[in-house]
Amino acid sequence: MSDGWSESAQAWIADMGEDGDYGRRFVMDAPMLARVRAGAFAEALDVGCGEGRFCRMLQHEGVRTVGIDPTPELIARARELDDKGEYRLGRAEALEFEDDRFDLVVSYLSLIDIPDIAAAIAEMARVLKPGGTLLIANLTGFNTAGAAHDMGWTKLADGRPGFAMDGYLEERAAWAEWRGIRIVNWHRPLSTYMTLLLEQGLTLTRFEEPTPVGGDPLRGARYVRAPWFMLMEWTRPA
């Protein structure tokens, strides 16, 4: 069964543009780049790079970057926008790189797209150098538990807006649709990710739930009222 990415590729490219969507541009970019700048990294792997936007940002920071993604249309667009960059078709569950290759591995809002998350996290840890960093941006389980049951933002009986969720501990796939994009996203509780990362011997060195900086304040208020994104930084012991 298709996961919708090839069919949604052009809508995704149009939605991202050069600056990215609201969540990336005004919520996650700044804290993600702050962690990159704190690390003095030489070479990064961006797992699920899409059209290559964060790869280009990493390269602007002086980090040589390889981007992989399983969607041919998105890799083609990444190469078109950055003909000197390195972009490859590939899946997170079977990375075609040697052990201990990268000092930075990035998953920027891609864990929710990966069916076999256990294999993917094991692969990310495998290609990470001892002492290297796995930097993750992801949707919170609170967010995806709402979306997976067609809940999310709703109007309460007294007229106030509220965020509804259900089935938090039940791991499942569900279709997500917005602005012409229709793709499969995976809901998983936070404990699933934490357990798999700890089982790889990684050490959690930073955890954030970033708030918006700039952009439409009315839109930003929703990202403050309900947990939306999280940032995790994990280190492979030297």
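A nonpolar core is a set of buried Ala, Val, Leu, Ile, Met, Phe, Trp, Tyr and Cys residues joined through side-chain atoms within 4.5 Å. The structure analysed here is a predicted model. Its largest nonpolar core holds 50 residues. Seven names stand out there: Met32, Leu45, Phe54, Val105, Met124, Leu134 and Leu197 touch the most other members. The contacts of Phe54 were examined with neighbours within four places in sequence left aside. Phe54 then meets Met32, Leu33 and Val36, together with Asp46, Val106 and Tyr108. Another core lies apart from the largest one. This other core has eight residues, including Ile13, Met16, Leu74 and Ile183.

Helix packing was examined next. Two packed helices are described by the angle between their axes and the distance between the axes. Helix 5 spans residues 117-127, and helix 7 spans residues 190-199. Their axes come within 9 Å and cross at roughly 40°. Helix 5 is therefore oblique to helix 7. The crossing is right-handed. On the helix 5 side, the residues that meet helix 7 are Ile117, Ala118 and Ile121. Their partners in helix 7 are Tyr193, Leu196 and Leu197. Leu197 is also among the core residues that touch the most other members.

A polar pair was also found. Arg37 belongs to helix 2, which covers residues 22-39. Arg37 counts as exposed because its relative accessibility is 54%, and the cut-off for exposed is over 50%. Its side chain joins that of Glu61 through a polar contact of 2.9 Å. Arg37 and Glu61 are 24 residues apart along the chain, yet their C-alpha atoms are separated by 7.4 Å.

Definitions and conventions: Residues are numbered from 1 along each chain as its sequence is written. This is a predicted model: local features need pLDDT of at least 70, side-chain atom pairs count only at pLDDT 80 or more; totals for chains, interfaces and linings use all residues. Side-chain values use heavy atoms; hydrogens and water are left out. Helices (H or I, at least four residues) and strands (E, at least two) are DSSP runs, numbered from the N terminus. Buried means under 20% relative accessible area, exposed over 50%, partly exposed in between (1.4 Å probe, protein chains only). A polar contact is a pair of N or O atoms within 3.5 Å; within protein, one must be able to donate a hydrogen and the other to accept it, and residues adjacent in sequence count only if both atoms are side-chain atoms. Contact means heavy atoms within 4.5 Å. Axes are lines fitted to C-alpha atoms, for helices over the stretch in contact, and angles run from 0 to 180 degrees between N-to-C directions. Angles under 35 degrees count as roughly parallel, over 145 as roughly antiparallel, 65 to 115 as roughly perpendicular and the rest as oblique. A crossing is left-handed if the near helix is turned anticlockwise from the far one by less than a right angle, and right-handed if clockwise.
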